[in-house]
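Let's take a walk through this protein chain together, from its overall build down to a few side chains. Keep the 3D view open as you read.

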Amino acid sequence: MVEPEEVLHIPCQDIHIEGRLSIHDAARGCAVISHPHPLFGGDMHNPVVRTIQTACFDAGFITLRFNFRGTGQSGGQFDEGEGEQEDVRACLKYLKRRFDLPVTLAGYSFGAWVNARLLDSGYKVSNHIMVSPPVAFIPFTDISHIPSTSIVATGELDDISPPDEVRAMMSLCCPSSVFEVLSGGTHFYSAAHLETLSRIIIRHLNN
């Protein structure tokens, strides 16, 4: 369980990004978590986002979840994944300035795609986690180099992030990453699959 969260409004270009920060007393790093597609109801309160956040916190990380531009109390408008990269960049920079600790970047679905695009452009983080990258919904063909990706997870029955298509994507941009396929899982994680995902992330971060 994460600690009470600090409400943030992080400057980003000419807008502010709404975020929630949980500070771990014995932090060994920070984690930013990006949410699924806002035009399909995705926001920082998504259960998968919260599961990733809690797992990172339990593994000893300060956590920051946030709303992309045009979502919740974040300013601006949806920007097809372009401006959203700047939202992620602003959150990463905020954590680096405030805490000066290694930063892990994690994202679910659309958030995983936005994160991958930012990293492929040359932005560097200590670690990168992708959960259900939506390869059957959004092309990843322009993403060629995200070596900081340490783990990718998806559901066995995920039709938005099909394991075979995820493997093909990984072979091009992050071939050394660990790939976890959750047996019987779909893109919309059940309670049992959320528990499995949490265990995978905690185990991975503690290795």
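A residue is called buried here if its relative accessible area is under 20%, exposed if it is over 50%, and partly exposed in between, using a 1.4 Å probe and protein chains only. Trp 113, for example, is buried, with a relative accessible area of 9%. What you're looking at is a predicted model, where local features need pLDDT of at least 70 and side-chain atom pairs count only at pLDDT 80 or more, while totals for chains, interfaces and linings use all residues. Residues are numbered from 1 along each chain as its sequence is written, and side-chain values use heavy atoms, with hydrogens and water left out.

Start with the big picture. The protein chain has five helices and eight strands; helices (H or I, at least four residues) and strands (E, at least two) are DSSP runs, numbered from the N terminus. Going along the sequence, you meet them in the order β-β-β-α-β-α-β-α-β-β-α-β-α. The C-alpha atoms fit in a box of roughly 40 × 35 × 30 Å along the principal axes. The radius of gyration is 15 Å, which agrees with the value near 17 Å for a compact globule of 207 residues; that radius is taken over C-alpha atoms, and the globule rule is 2.2 Å times the number of residues to the power 0.38. Of the 207 residues, 57% count as buried. Contact means heavy atoms within 4.5 Å, and among contacts between residues at least 6 apart in sequence, 67% join residues at least 24 apart.

Now for the inside. In soluble globular proteins, nonpolar side chains tend to be buried together. A nonpolar core is a set of buried Ala, Val, Leu, Ile, Met, Phe, Trp, Tyr and Cys residues joined through side-chain atoms within 4.5 Å. The largest one in this model has 42 residues, and Leu 92 and Met 130 have the most contacts inside it. Elements giving two or more residues to this core include strand S1 (6–12), strand S4 (61–66), helix H2 (83–99) and helix H4 (163–173). Apart from it lies another core, of 22 residues, among them Ala 31, Ile 129, Leu 182 and Leu 205. Click on Met 130 and look around: leaving out residues up to four places away in sequence, the residues it touches include Ala 112, Ala 116, Phe 140, Met 169 and Cys 174.

Which helix is largely enclosed by the rest of the structure? That's H3, since 10 of its 11 residues are buried. Among those buried residues are Phe 110, Trp 113, Asn 115 and Arg 117. Their cover includes S3, H2, S5 and strand S6 (127–131). Just after H3, Gly 122 takes a positive phi of about 120 degrees.

H3 also brings us to the aromatics. Rings of Phe, Tyr and Trp (its six-membered ring) pair if their centres lie within 6.5 Å; planes under 30 degrees apart count as stacked, over 60 as edge-to-face and the rest as tilted. The whole structure holds six aromatic pairs. In one of them, the rings of Tyr 108 and Tyr 189 have centres 6.0 Å apart and planes at 85 degrees, so this pair is edge-to-face. Tyr 108 lies in strand S5 (residues 103–108) and Tyr 189 in the loop between strand S8 (178–182) and helix H5 (191–206), so the pair ties together parts that are 81 residues apart in sequence. Tyr 108 is buried at 2% relative accessible area, and Tyr 189 counts as buried at 10%. Phe 110 and Trp 113, by contrast, both sit in helix H3 (residues 110–120), three residues apart, about one turn of the helix. Their ring centres are 5.7 Å apart with planes at 50 degrees, so the pair is tilted. Ring pairs link these two with Phe 66, Phe 68 and Phe 78 into a cluster.

How many disulfides does the structure have? The search finds zero, a disulfide being a pair of cysteine sulfur atoms within 2.5 Å. For Cys 56, the nearest cysteine sulfur, that of Cys 30, is 11 Å away. The sulfur of Cys 174 is 3.9 Å from the closest one, in Cys 173, which is too far for a bond.

One last stop is Ser 161, in the loop between strand S7 (149–155) and H4. Ser 161 counts as buried, at 0% relative accessibility. Leaving aside neighbours within four places in sequence, its contacts include Ser 132, Thr 154 and His 187.
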